Amino acid sequence: MTLCLKILFVLIALVILKFTLIAIFFYNEIKTAKDKDPAATGFLEVLLLYQGLHALVSHRIAHFFYRIGLRFLARLISQLSRFITGIEIHPGAKIGRGLFIDHGMGVVIGETAIIGDNVLLYQGVTLGGTGITKGKRHPTIGNNVVIGGGAKVLGNITVGDNSYIGANAVVIKDVPPNSTVVGVPGRITKQDGKKIDISLDHAHVLDPIMQSIEELQKKIEKLENK
């Protein structure tokens with residue numbers, strides 16, 4: 001066997017080992033992606049082809065180096081991951097289990113951001129800071145939160161558990177648990193204390209402004225009919 005073939009077999013073995021370890025240690029994330037994305041055809045497709053998963057794997061590695069003080073190496077890994085996946089996660093960010101980044105292109109997660117368990121982020125989401133102050137300057141996202149495409153959550157604020165941030169919303173204030181936020185700036189609609197169904201259906205998110213307009217239209221129609 002030639003040296004080139006031996007090297008090739010070693011590389012293939014390393015690749016197989018890499019994806020086996022990802023499948024074991026990121027099983028929850030892969031299952032979440034498979035369950036929440038109707039386009040996913042199976043476990044293997046998510047494992048091999050979903051850039052959101054690979055960005056998260058790179059982040060776990062970068063975060064480890066960040067915590068032990070090798071911050072240049074951590075940033076290098078995060079920037080390489082950004083180049084490959086289009087998703088930028090600062091190695092200092094703290095991310096819980098079961099995160100699903102759907103599509104993911106343009107997602108930015110800042111250094112002091114904290115993300116809970118079973119969070120769903122769509123493309124173009126920014127968890128950013130405001131100003132140039134040091135310390136905690138990025139959002140804290142609770143468990144079971146959905147953040148729609150293009151939404152911006154900015155500053156040292158908290159988004160409560162089971163909340164939904166609508167597409168393209170700009171959120172700069174705390175969001176209570178079990179709430180929906182829409183618009184620019186973000187406006188809160190309480191959901192009567194009920195957990196929001198985390199799904200891909202964005203068409204039925206309640207908009208408090210539109211609700212008020214519809215109610216006014218109904219009143220006007222009643223007055224005209226009289």
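**Group meeting: a quick tour of the model**

Okay, let's start from the outside: the protein has an accessible surface of about 12900 Å², and carbon and sulfur atoms account for 63% of that. Keep in mind that what you're looking at is a predicted model.

On to the overall make-up. The chain runs to 226 residues, and 42% of them are buried. For secondary structure, we have six helices and 15 strands. As for contacts, if you take those with a separation of 6 or more, 35% are between residues 24 or more positions apart.

Now, the sheet I'd like to show you. Which strands form it, and in what order? There are five, running β1-β4-β7-β10-β13, with parallel pairing, and the sheet is open. The edges are β1, at 88–89, and β13, at 170–171; each has a single partner strand, so one side of each has no neighbour in the sheet.

Let's zoom in on the β13 end. The partner there is β10, residues 152–154, and the two strands pair in parallel over two bridges. If you want a spot to click on, find Lys-152, which sits opposite Val-170 of β13.

Last stop is strand β14, which covers residues 179–182 and includes Ser-179. Is Ser-179 buried or exposed? Its relative accessibility is 0%, and the cut-off for buried is under 20%, so Ser-179 counts as buried. And what does its side chain have for company? A polar atom of the Ser-179 side chain lies 3.3 Å from the backbone oxygen of Pro-177.

That's my tour, thanks.

Definitions and conventions: Residues are numbered from 1 along each chain as its sequence is written. This is a predicted model: local features need pLDDT of at least 70, side-chain atom pairs count only at pLDDT 80 or more; totals for chains, interfaces and linings use all residues. Side-chain values use heavy atoms; hydrogens and water are left out. Helices (H or I, at least four residues) and strands (E, at least two) are DSSP runs, numbered from the N terminus. Buried means under 20% relative accessible area, exposed over 50%, partly exposed in between (1.4 Å probe, protein chains only). Contact means heavy atoms within 4.5 Å. Accessible areas come from the Shrake-Rupley method with a 1.4 Å probe; for residues, only the protein chains shown count as cover. Two strands pair if DSSP finds at least two bridges between them. A polar contact is a pair of N or O atoms within 3.5 Å; within protein, one must be able to donate a hydrogen and the other to accept it, and residues adjacent in sequence count only if both atoms are side-chain atoms.
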